[in-house]
Protein chains: 2
Amino acid sequence: MLGIIRVLTTEDQAVLGKHGKIMEEDFHIQSVSRCIEEQPQGIYNDESEKAAVPKIVQLAEEMAAEDSIDAITISCAADPALEEARQAAGIPVFGAGTCGAYAASMLGSNVAIIGITEEVPKRMKAVLGNRFHSYLFSSTVRKTTDLSRSGAKEEMLKKAEEAVEHGADVILFACTGFSTIQLKEYLQAKTGVPAVDLVEAQAIAYYLIRKS
Amino acid sequence: MLGIIRVLTTEDQAVLGKHGKIMEEDFHIQSVSRCIEEQPQGIYNDESEKAAVPKIVQLAEEMAAEDSIDAITISCAADPALEEARQAAGIPVFGAGTCGAYAASMLGSNVAIIGITEEVPKRMKAVLGNRFHSYLFSSTVRKTTDLSRSGAKEEMLKKAEEAVEHGADVILFACTGFSTIQLKEYLQAKTGVPAVDLVEAQAIAYYLIRKS
C-alpha cells in the first residue's frame, strides 16, 4: 500500500483523500493519505516550506513503520523534504514534482512547465536541466479554487499552445490541482503533445515498485 | 499503438515481437515491432551503433507516418539515435535506456546499474548524473544467451546484493534481456530495493501519453 503525504492540514476526508481516489480509480492503487499538522494553507513560500519539513519527515517515519505501507509519496509539486524523508524512512520515498519532471524527461527534449504560482518549483526545474523549455502561468488562474471556474481550462490551453508554438514537445504540470479537472486529457487532445499529470506520475512511480 | 524499433536484424517473429509481447501481457499495450536491416548481431560497439543510426532514423520516420502509430520507442539500453529519431519523427520518441534511468531516478538517490556488457551505457549514466552509484556485471553472464543458463539469476543477485550493501537504493537494468527472465521480481523480493526493468520503463512512458 502507498502512503500519501498531503502537505496541507485538513479534516475534510474528501480533500485529504483526493489524490488517493484518483490513483485508485485510474490505476487500481491502494493507498492511505495523511496530512501534516497546523498548516491549513499548505506550503506557499520558503518559510511555510521550512516549517513543513520536520513534519513531513516525522510523518514519513511513522508511515514507514507500518507494515502495510511499502512506499511513500510526498504529493506536492515542490517536493518538500524529499531527501530528508528518504533518508529517514528506509523504504522508497518519492515526490510529485520530481516524478513528474522525470516522467516528462522520458517523453521529450523541450519540457514546458505550466502552473499557478509565480515561480517554477525549483526541484522540478533542476531535474529538467537543459530539457527545461519555459514556465507559464495564467494571470487569472492563481489559486487551486480558480481551477474550477469556467474558462480556466481554456486559459491553461492558451498557455500550453503558446509553449508548443515556441518548440515545447512536452507539457508538465506544476500543480496537483490540475489532476482533479482532467486538464491532461483536454490539453493532449487540443495540442497534440504529451501532457504529464503529477498524480499520474506518482502512480507510475509506485507502479514500478509494487510487490508482485 | 506503440511502434517498437528493435536494433537487431531478425526474421524470427518470436524474437522480433518479444518486447511487444511483454507489453501486451503485462500492460495491455498494443504495439507493432520492426527491426533495422543488415545487423544480425545488433549493436555491440561504437561502429555498429554508428551504422545503425541512419537506419533507426529512417524506420522512425516510416513508422511515424502511419496513422495507427502515435509514439515510437527504441528498445535498446544504449538509446541509439534517440535525439535524431525524435527530430525526424514528429511524434513522441523515447528509448529503453533513458526511460529506465528516469524511472529509477523517481525512486531513489543511489542507482546501481547492472548489465552484461563491460561498459555502462553512456546515455543512461549521463541521465543519472550524481544519482549514479555503480555499474556491475558478472564475468559469467556476458551474452543474452547466458541469461537462460541455470545460475544466471543467482549471479545477478550476487551483484545486486553487493550494490545494496554499498548503499544503492535502486537497481536499474542495462539489458532488455533481463525482462524475459523475470529478473525484476526475483531481485526485488531478495534485496528489498526497487528494480527497474527496461521493457516496463518503456511501457510506462507510453502509458503516460496514451490517448484517452
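**Notebook: A:His19, the two domains of chain A, and the chain pair**

I began with A:His19, which I found in helix α2 of chain A, the helix that spans residues 18–27. I keep in mind throughout that this is a predicted model.

I then looked up the exposure of A:His19 and noted a relative accessible area of 1%, which means that the residue is buried, since the cut-off for that word is under 20%. Setting aside the neighbours within four places in sequence, I listed its contacts as A:Ile4, A:Arg6, A:Ser75, A:Thr176 and A:Val199.

Next I turned to the domains. The assignment for chain A gives domain 1 as 2–95 + 200–211 and domain 2 as 98–197, and I noted that 21 Å separate the centres of the two, taken over C-alpha atoms. To the contact between them, domain 1 of chain A brings 18 residues and domain 2 of chain A brings 16 residues.

I looked up the area that these domains bury between them and wrote down about 1,200 Å², with carbon and sulfur atoms giving 53% of it. On the side of domain 1 of chain A, the residues that lose the most area to domain 2 of chain A are A:Ala77, A:Glu200 and A:Ala201, and together they account for 39% of what that side buries.

For the polar side of the same contact, I recorded 2 salt bridges between domain 1 of chain A and domain 2 of chain A. I also looked at the salt bridge that A:Glu49 forms with A:Arg123, where the closest N and O atoms are 3.3 Å apart. The count of residue pairs in polar contact between the two domains of chain A, both residues being at pLDDT 80 or more, is 10.

I then asked which elements supply the side of domain 1 of chain A that touches domain 2 of chain A, and found that α2, α3 (46–64), β4 (93–95) and α10 (198–209) of chain A each supply at least two residues. Of the elements on that side, α10(A) gives the most, with 4 residues.

Last, I compared the two chains. Chain B can be laid on chain A by a turn of 180° and a shift of 0.0 Å along the axis, with an RMSD of 0.0 Å, and I note that this is the relation of a two-fold axis. Among the residues of chain B, the one that comes closest to the rotation axis is B:Tyr102, with its C-alpha at 2.6 Å. I also checked the interface residues of chain B, and 100% of them are interface residues in chain A as well, so the copies meet through the same surface.

Key: Residues numbered from 1 in each chain as written. Chains lettered and ligands numbered in written order. Predicted model: local features only at pLDDT ≥ 70, side-chain atom pairs only at ≥ 80, totals over all residues. Heavy atoms only, no water. Least-squares fit on C-alpha atoms with pLDDT ≥ 70 in both. Contact = heavy atoms within 4.5 Å. Buried < 20%, exposed > 50% of the residue type's maximum accessible area, 1.4 Å probe, protein only. Domains from an automatic or database assignment. Buried area = accessible area lost by both parts, 1.4 Å probe. Salt bridge = Lys/Arg side-chain N within 4 Å of Asp/Glu carboxyl O. Polar contact = N/O pair within 3.5 Å; in protein donor to acceptor, adjacent residues only side chain to side chain.
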